[in-house]
Amino acid sequence: MSIVAKVIAQSDEANRFLSSAELAKLQDFFGNGTTRISASQKLATNEQKIVDEGSKRFWAQCPNTPSNSGNPQKTALCQRDQGWYIRLVSYCVLAGNSKPLEDIGLDGMRDMYVSLGVPLTNLKLAMRCLKDVAMSTLSSEEGALAAPYFDQLIRAF
């Protein structure tokens, strides 16, 4: 649920108009709308670069992984997932909250990787590498909006 829908729903449930604090929250959300859109566009435009460079950084620190085993199918599947996480971060930036990440069920994703035998420490490191590359493609304002969602992914694994 977007921040707009959430604030309105909370106010409506309480059978009241929006408070000054809620209106200020919405003003801030709308005020940085251009930055949120720009960040989302940059993440989309640079997805392949972020995945490629993030993978290289990850493999430099953790060379013996399935994604770096020489099996092109395993590499492609891992990098597909990485692109998917970048897309989810861009959705969160646009929504102004972590609902897109929560909706996919990060706990379920973590359990799936465990069942596949993927070390969670590797996933954390891979997400950190993706975050580092993504931050280098974003302005400081855009990065400030995206970083918390990358951090949420890192914590989840």
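Tyr 85 is buried in this predicted model, with a relative accessible area of just 1%, well inside the cut-off of under 20%. Leaving aside residues up to four places away in sequence, Tyr 85 touches Ile 104, Met 109, Tyr 113, Met 127, Leu 153 and Phe 157. Tyr 85 also turns up in the largest nonpolar core, a set of 27 residues in which Tyr 85, Val 89 and Leu 153 touch the most other members. Helices α3 (33-45), α4 (47-61), α5 (72-95), α7 (106-115), α8 (120-137) and α9 (140-156) each give two or more residues to this core. Apart from that core there is a second one of 6 residues, with Phe 58, Trp 59, Leu 125 and Ala 126 among them.

Now for the rings. Searching the whole structure turns up 4 aromatic pairs. In one of these, Phe 29 and Phe 30 have ring centres 5.6 Å apart and planes at 65 degrees, which makes the pair edge-to-face because the angle is over 60. These two partners differ in exposure: Phe 29 is buried at a relative accessible area of 11%, whereas Phe 30 is exposed at 55%. Trp 84 and Tyr 85 also pair up, with centres 5.1 Å apart and planes at 50 degrees, so this pair counts as tilted. Trp 84 is partly exposed, its relative accessible area being 24%. Ring pairs tie Trp 84 and Tyr 85 together with Tyr 113 and Phe 157 in a cluster.

Phe 29 has a charged partner as well: the charged end of Arg 36 sits over the Phe 29 ring, 3.6 Å from the ring centre.

Definitions and conventions:
Residues numbered from 1 in each chain as written. Predicted model: local features only at pLDDT ≥ 70, side-chain atom pairs only at ≥ 80, totals over all residues. Heavy atoms only, no water. Phe/Tyr/Trp six-rings, centres within 6.5 Å; stacked < 30°, edge-to-face > 60°. Buried < 20%, exposed > 50% of the residue type's maximum accessible area, 1.4 Å probe, protein only. Lys NZ or Arg CZ within 6 Å of the ring centre and 35° of its normal. Core = buried A, V, L, I, M, F, W, Y, C linked by side-chain atoms within 4.5 Å. Helix = DSSP H or I, 4+ residues; strand = E, 2+ residues; numbered from the N terminus. Contact = heavy atoms within 4.5 Å.
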